[in-house]
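Got the viewer open? Let's take a walk through this one, selecting as we go.

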Amino acid sequence: MKALGRWLTEHGMTVGSPIALLLAWEWASATGLLRAVFFPRPSTILAHLRDLALDGTLWGHTATTLARIGWSFTLAAVLGVAIGLAMGLWRRLREGLDPVFAVIYPIPSVLFLPLVSFIVPAGEVALVVTSAVTSFFLIAFTTTHGVRQIDRLVVEAAVHYGARGWRLFATVLLPGALPFIFTGLRLGLGFSLIVVVAVEIVSASRGLGALLWLSWQILKVEDMYATFFVIALLGALLSYGLAALRDRLLPWVPDVGDR
Amino acid sequence: MPTRDPKVLVSEVSVTFESHGRSVVALDRISLQAQVGEFLCIVGPSGSGKSTLLRVLAGLVRQSAGEVRIQADHPGTPLTAMVFQEHALLPWRTVRDNVTFGLENRGVGRAERDARAREMLAMVGLARFAQHYPHQLSGGMKQRVGIARALANDPEVLLMDEPLAALDAQTRTIMQEELLRIWATLGKTVVYVTHSLEEALLLGDRVVLLTARPGRVSEIYPIDLGRPRGLEVRASPAYGVLLEKIWARLREEVVRAIADDRGADPEEIGA
């Protein structure tokens with residue numbers, strides 16, 4: 001209890017600001033300052049969220065979206081880390097791929113959907129691949145940088161103490177890059193979620209993005225907000241989950257535990 | 001004194017770097033030797049190639065000309081092990097795993113590695129910190145790990161590249177005493193690079209003075225201040241005389257190095 005009290009004093013702003021925002025919204029919608037048709041009261045939205053959860057609608061869509069995020073993130077992570085490491089290790093590869101990546105990376109990934117549909121089966125596979133594009137670039141960039149920023153003196157010392165080839169990679173270059181790889185994974189996971197939901201809005205009949213868009217079109221605004229809330233919560237949970245995983249796996253990183 | 005082969009023999013070693021299309025001579029025909037069990041200190045102004053010389057001995061830099069010979073008395077152990085200036089520990093390895101890193105790379109078994117790590121960490125006074133990560137240690141403790149890592153390999157020659165330069169003055173003094181104690185215990189041949197003449201006089205059997213770039217051997221001074229030596233040696237008249245004598249020569253080189261950096265005439269710096 002005491003620990004909770006201390007935690008609350010320390011993180012008062014973190015907890016307080018969203019609550020204050022919700023209270024202000026509640027008040028504004030109740031008094032008619034905000035039009036309740038477009039901005040229903042948070043308490044009403046919460047009731048709708050409960051209904052969606054109880055009748056099972058929400059779980060099905062959430063499971064679909066989660067599976068898509070899982071596939072696209074895995075695809076992006078495996079390819080991004082592998083290619084990022086290779087680019088970090090070999091200058092020629094880096095010099096060859098950098099300009100290509102620089103051109104493709106800034107294109108909003110949803111725009112790849114038609115293109116991807118020509119190459120892989122349209123539908124589920126195209127959705128997953130499209131959602132992996134931006135995520136892949138982020139992970140590859142940070143991984144490359146992660147390899148390149150390793151202290152040269154540390155590498156020199158490792159070589160001096162007999163680490164060569166595979167051992168140099170496994171004991172020095174990979175662990176040295178890992179903090180950056182994790183940053184890339186966290187960013188990439190966020191982008192997988194963003195693009196999965198965006199593609200669901202454009203082209204899917206299931207998933208949270210589809211549910212959100214449908215709710216909007218038939219003007220079930222409360223359901224739209226409820227879905228909104230679920231997507232936001234999902235994003236936060238995934239991001240913090242990955243951060244927690246990082247803290248567990250990389251106890252040697254100085255800033256772990258300082259947040 | 002019976003004549004025996006020197007432990008370290010450096011003859012006519014030159015190192016030339018390519019830098020921005022120009023070739024820079026870092027070391028110019030360096031010749032020196034270290035006897036078995038000797039503590040040899042190398043001093044010189046910045047840019048005199050002290051660290052480069054050490055890297056040649058470590059096999060990390062290849063000389064452009066000349067020869068380096070290190071007498072191998074114990075087959076199976078590495079010729080050299082280096083203590084780096086900024087400790088250069090692997091941040092993702094615990095203290096123990098840093099100390100055993102060289103052994104691991106050479107395929108030494110786990111039990112022997114652990115025993116060796118315990119022994120070395122006890123010697124540098126870090127037995128209780130085996131499971132810590134480098135970032136949890138102070139600067140002085142990190143450098144103790146660096147020393148334990150080098151010694152764990154039982155090298156023929158211990159190379160030290162300004163190992164105490166990054167530490168605060170008090171920690172440095174403590175570490176100097178520690179080094180003397182460890183060296184007396186193990187009797188290793190040490191080649192020790194420092195920019196501090198005081199440190200060289202406290203630690204060394206002989207001091208090699210290098211000139212400003214290009215690094216040449218200017219003078220080699222025997223330090224006859226007796227052993228075992230402690231901090232109290234700094235109060236002895238002989239120490240003061242030696243310090244004055246070598247500093248007069250070192251000062252010329254330092255001024256020359258500063259003038260060289262600024263592209264100025266040594267007269268202007270106050271030589």
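What is the mean pLDDT of chain A, and what share of its residues reach 70 or more? Colour by confidence to see it: this is a predicted model, and chain A has a mean pLDDT of 93, with 98% of its residues at 70 or more. Now select helix α1 of chain A, residues 2-10, where confidence in that chain is lowest, at a mean of 84. Then jump to helix α4 of chain A, residues 57-89, where confidence is highest, at 97.

Over to chain B, which averages a pLDDT of 92, with 96% of the residues scoring at least 70. Pick helix α2 of chain B, residues 95-99, and you are at the high point of that chain, with a mean of 98. The low point is helix α9 of chain B, residues 266-269, at a mean of 63. Where pLDDT is low, the predicted coordinates should not be read in detail. For the model overall, the scores are ipTM 0.90 and pTM 0.87.

**Where the chains meet**

Show both chains and select the contact between them: 15 residues come from chain B and 15 residues from chain A. On the chain B side, the element to highlight is helix α3, residues 101-105, which gives the most, with three residues. Colour that side of chain B by residue type and you get ten nonpolar, three polar and two charged residues.

**Two domains in chain B**

Hide chain A for a while. Give one colour to domain 1 of chain B, residues 8-79 plus 161-269, and another to domain 2, residues 90-154. Their centres, taken over C-alpha atoms, are separated by 26 Å. The contact between them takes ten residues from domain 1 of chain B and eight residues from domain 2 of chain B. On the domain 1 side, eight of the residues are nonpolar, two are polar and none is charged.

**The six-stranded sheet**

Switch to cartoon and stay on chain B. Six strands make an open sheet here, in the order β5-β6-β7-β3-β8-β9, with mixed pairing. Why is one side of β5 and of β9 left without a neighbour in the sheet? Both strands of chain B, β5 (80-83) and β9, stand at the edges and each has a single partner strand, so there is no neighbour in the sheet on the other side. Look across the strands: neighbours in this sheet are turned by 20° against each other on average, direction ignored.

Zoom in on strands β8 (residues 206-210) and β9 (residues 217-222) of chain B, which pair in the antiparallel sense over five bridges. Select B:Arg206 and you'll find B:Pro222 of β9(B) opposite. Then try B:Leu210, whose bridge partner in β9(B) is B:Val217. A hairpin of six residues joins β8(B) to β9(B).

Stop in the loop between β8 and β9 of chain B, because there is a peptide bond to check at B:Pro214: the bond from B:Arg213 to B:Pro214 is cis, with omega about -5°. Further along, B:Pro228 sits in the loop between β9 and α8 (237-262) of chain B. The peptide bond joining B:Arg227 and B:Pro228 is cis too, with omega about -10°.

**The three-stranded sheet**

Another open sheet in chain B has three strands in the order β2-β1-β4, and the pairing is antiparallel. Click on β2 (22-34) and β4 (65-70) of chain B for the edge strands, each of which pairs on one side only. Neighbouring strands in this sheet are turned by 25° against each other on average, direction ignored.

Strand β1 of chain B, residues 8-19, pairs with β4(B) in the antiparallel sense over five bridges. To see one of the pairs, select B:Leu9 and its bridge partner in β4(B), B:Arg69.

**Two residues with positive phi**

Last stops. Select B:His87, in the loop between β5 and α2 of chain B. Phi of B:His87 is near 55°, a positive value in a residue other than glycine. Is B:His87 buried or exposed? B:His87 is buried, with 24 other C-beta atoms within 10 Å.

Now go to B:Glu162, in the loop between β6 (157-161) and α6 (169-186) of chain B. Phi of B:Glu162 is positive as well, near 40°. B:Glu162 has 19 other C-beta atoms within 10 Å, so it counts as partly exposed.

Note on methods
Residues numbered from 1 in each chain as written. Chains lettered and ligands numbered in written order. Predicted model: local features only at pLDDT ≥ 70, side-chain atom pairs only at ≥ 80, totals over all residues. Contact = placed C-beta atoms within 7 Å. Helix = DSSP H or I, 4+ residues; strand = E, 2+ residues; numbered from the N terminus. Nonpolar A, V, L, I, M, F, W, Y, C, P; charged D, E, K, R; others polar. pLDDT = per-residue confidence, 0-100. Pairing = 2+ DSSP bridges. Axes fitted to C-alpha atoms, helices over the stretch in contact; angles between N-to-C directions. Domains from an automatic or database assignment. Buried ≥ 20, exposed ≤ 12 C-beta atoms within 10 Å, placed from the backbone.
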